[in-house]
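Colleague: Before I use words such as buried, exposed or core for a model, I would like to see how each of them is earned. Could we go through this one step by step?

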Amino acid sequence: MPEDMEKQDKKARLQVIRTIVGNCPIENQEELAVELEKAGFSTTQTMLSRDLKQLRISKVRTRSGKSVYALPGVVYFDPARVWDNANCCAPVMAVYCSTI
């Protein structure tokens, strides 16, 4: 893959990760990889670790005590703004598809 396409793919993947983490209660990298796959991105655990580090995404607690990924600056994940996991990727695809 040409370098320019790799950079575009990474930029798009990072944007989709931001959208997923901002809208879905993702507890681990495996769940994130599944959501990325639904959005059309295949990834590896190493790639996800680097992306999460670059985006400064960390884990926060929910009211129920679960630990989920959150965007920088978020100290508490509000489940009231979340879709159920089965439909989590639908809004992500709407955002992603509107950018291409």
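Colleague: Which residue in strand 2 is the bridge partner of V60?

Modeller: Please keep in mind that this is a predicted model; in it, the bridge partner of V60 in strand 2 is V68.

Colleague: What makes strand 1 and strand 2 a pair?

Modeller: Two strands are said to pair if at least two bridges are found between them, and strand 1 and strand 2 (residues 67-70) have four bridges, in the antiparallel sense, so by that definition they pair. They form a hairpin with five residues between them, and G65 in the turn has a positive phi of about 95°.

Colleague: T62 is in the loop between strand 1 and strand 2, so why is T62 called buried or exposed, whichever it is?

Modeller: T62 has a relative accessibility of 10%, and because buried means under 20%, T62 counts as buried in spite of its place in a loop. The side chain of T62 also makes a polar contact with the side chain of S64, at 3.0 Å, and this distance satisfies the limit of 3.5 Å for such a contact.

Colleague: How do you know whether R56 is buried or exposed?

Modeller: The relative accessible area of R56 is 61%, and because exposed means over 50%, R56 is called exposed. R56 is found in the loop between helix 3 (45-54) and strand 1 (58-61), and it has a positive phi of about 60° although it is not a glycine.

Colleague: And on what grounds is D51 in helix 3 called buried?

Modeller: D51 has a relative accessible area of 2%, and since the cut-off for buried is under 20%, D51 is buried. Leaving aside neighbours within four places in sequence, D51 is in contact with K10, R13, L14 and I17.

Colleague: What makes one face of helix 2 the buried one?

Modeller: In helix 2 (residues 29-38), the residues Q29, L32, E35 and L36 are buried. Seen down the axis of helix 2, these buried residues fall within an arc of 120°, so they line one face of the helix. On the other side of helix 2, E30 and E37 are exposed. As a general rule, an α-helix has 3.6 residues a turn, so residues three or four places apart point the same way.

Colleague: What is found at the two ends of helix 2?

Modeller: At the start of helix 2, a side-chain oxygen of N28 reaches to within 3.1 Å of the backbone nitrogen of E30, while just after helix 2, G40 takes a positive phi of about 95°.

Colleague: Which residues touch the most other members of the largest nonpolar core, and which helices supply it?

Modeller: That core has 17 residues, of which I17, I20, L32, L36 and I57 touch the most other members. Helix 1 (3-23), helix 2 and helix 3 each supply at least two residues of this core, and helix 1 gives the most, with six residues. L32 touches I17, I20, V21, I26, L48 and L52, not counting residues up to four places away in sequence.

Colleague: How many helices and strands does the chain have, and what share of its residues is buried?

Modeller: The chain has four helices and two strands, which run α-α-α-β-β-α from the N terminus on, and buried residues make up 34% of its 100 residues.

Key: Residues are numbered from 1 along each chain as its sequence is written. This is a predicted model: local features need pLDDT of at least 70, side-chain atom pairs count only at pLDDT 80 or more; totals for chains, interfaces and linings use all residues. Side-chain values use heavy atoms; hydrogens and water are left out. Buried means under 20% relative accessible area, exposed over 50%, partly exposed in between (1.4 Å probe, protein chains only). The arc is that of the directions from the helix axis to the C-beta atoms. A polar contact is a pair of N or O atoms within 3.5 Å; within protein, one must be able to donate a hydrogen and the other to accept it, and residues adjacent in sequence count only if both atoms are side-chain atoms. Contact means heavy atoms within 4.5 Å. A nonpolar core is a set of buried Ala, Val, Leu, Ile, Met, Phe, Trp, Tyr and Cys residues joined through side-chain atoms within 4.5 Å.
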